[in-house]
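Open the model in your viewer and keep the selection panel at hand. The tour has two stops.

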Amino acid sequence: LMLSSAPGSGNHLRRLSRFLSSTQPDVSGKVLVAPLEVSNGITVSSDAPKKYGVKKFGSMLPEFYRQNNYCEIDSKDHNMQCRQVLGQSALKSKPHWHFFGDSQMATMVKVLSEHDYPYKVTIKRGNARTDDRCELGKYFNIKRSDVWIQPDEKRLQGPERYGKDNPFCSDMKGWGPYMIGDGKRSLEFLNVEFAQDVEIQTATTSTTQEAAALYLKNDSKEDHVCVVNAGLHDQAVLKSPDTPQDQFVNNVKSYLKLLESVCGNLVWVGITEVQEVQPTRNLQRNAISLKWNKQVYSMIASTFPSSSFIIDVWDESVAAPFKGNGKQNIHYESPYYESFATLFASLV
């Protein structure tokens, strides 16, 4: 992700206020912009952390799903809710885990693979860190399409920057696909940063998500878990006035249906908070993230009621300090990713 080095005004106090009641007035000293309508009458500021009173989206889910398929990470209690909910589920000890996402997911998986993976590693493929933005297509080892078709902005299709000018390459820099395992068990990261993009086009598929499902095709999908996140890169594409309000959730639905054909177990990781610094350059908005989280959670619970799980990371991200003494727009200090990695270490 493109990161800003601009300082976050009032960042320390804003973080401190996370521990106060969500109904208390803002103590950050930050000048807030006018409120924005999110959805269903919920009004939040465009900078919308927990203290604005937006309540848990889990409470809006069907009771059975909420109790058995939904959790919120909370490092203060060692992610106990998620350990209990997910640890008692069909996810426990599945042999093959595939993680999809941007540099946020990549950072967590790197910690998991290098420090917390509980099995002996005898097989390695690919590299976590790379400057080659065109590595994913080569990693899939699927014949390229002869013609690369540009993304459709109205449908929120990536890529938006580097990948748009360099066919078959990724917008995301610094992270690549890789796998570790022993032949019987495996852990894999695939750098798929959008809910729908055309970075990787093959002779038979038109999107990266379709190519990923083709690459993962197997004869025993119940042995596979797909852990997925998207949303922050997608907001950088949210520019066309003709984009439908539900386009992102529809893209996620299509994405997960593709993965459901190869992974019998789906885990969706929600969108995190951003600082909203340098807003003309960094197009992510917390109001949009909250709206998309709510829409996606509802869709997943109704569309994939028995094969999906949701991990809500919003409050944990609000509590976490941003990296670089609070200067970065999206990434957090290491403890956020380290705590998250230990959760998955208890499941794989």
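Start by selecting H98, which stands opposite C226 in strand β10. This is a predicted model, in which local features need pLDDT of at least 70, side-chain atom pairs count only at pLDDT 80 or more, and totals for chains, interfaces and linings use all residues. Numbering starts from 1 along each chain as its sequence is written, and side-chain values use heavy atoms, with hydrogens and water left out.

Extend the selection to strand β4, residues 96-100. Strands (E, at least two residues) and helices (H or I, at least four) are DSSP runs, numbered from the N terminus. Add β10, residues 224-228: five bridges pair β4 with β10 in the parallel sense. Strands count as paired if DSSP finds at least two bridges between them.

Next add β9, residues 186-190, which runs parallel to β4 and is joined to β4 by five bridges. Here F99 has F189 as its bridge partner.

Is β4 buried or exposed? Five of its five residues are buried, so β4 is largely enclosed by the rest of the structure. Buried means under 20% relative accessible area, exposed over 50%, and partly exposed in between (1.4 Å probe, protein chains only). H96, H98 and F100 cover one side, W97 and F99 the other.

Now select helices α4 (residues 103-116) and α13 (residues 334-345), which pack at about 60° with axes 8 Å apart. Axes are lines fitted to C-alpha atoms, for helices over the stretch in contact, and angles run from 0 to 180 degrees between N-to-C directions. Contact means heavy atoms within 4.5 Å.
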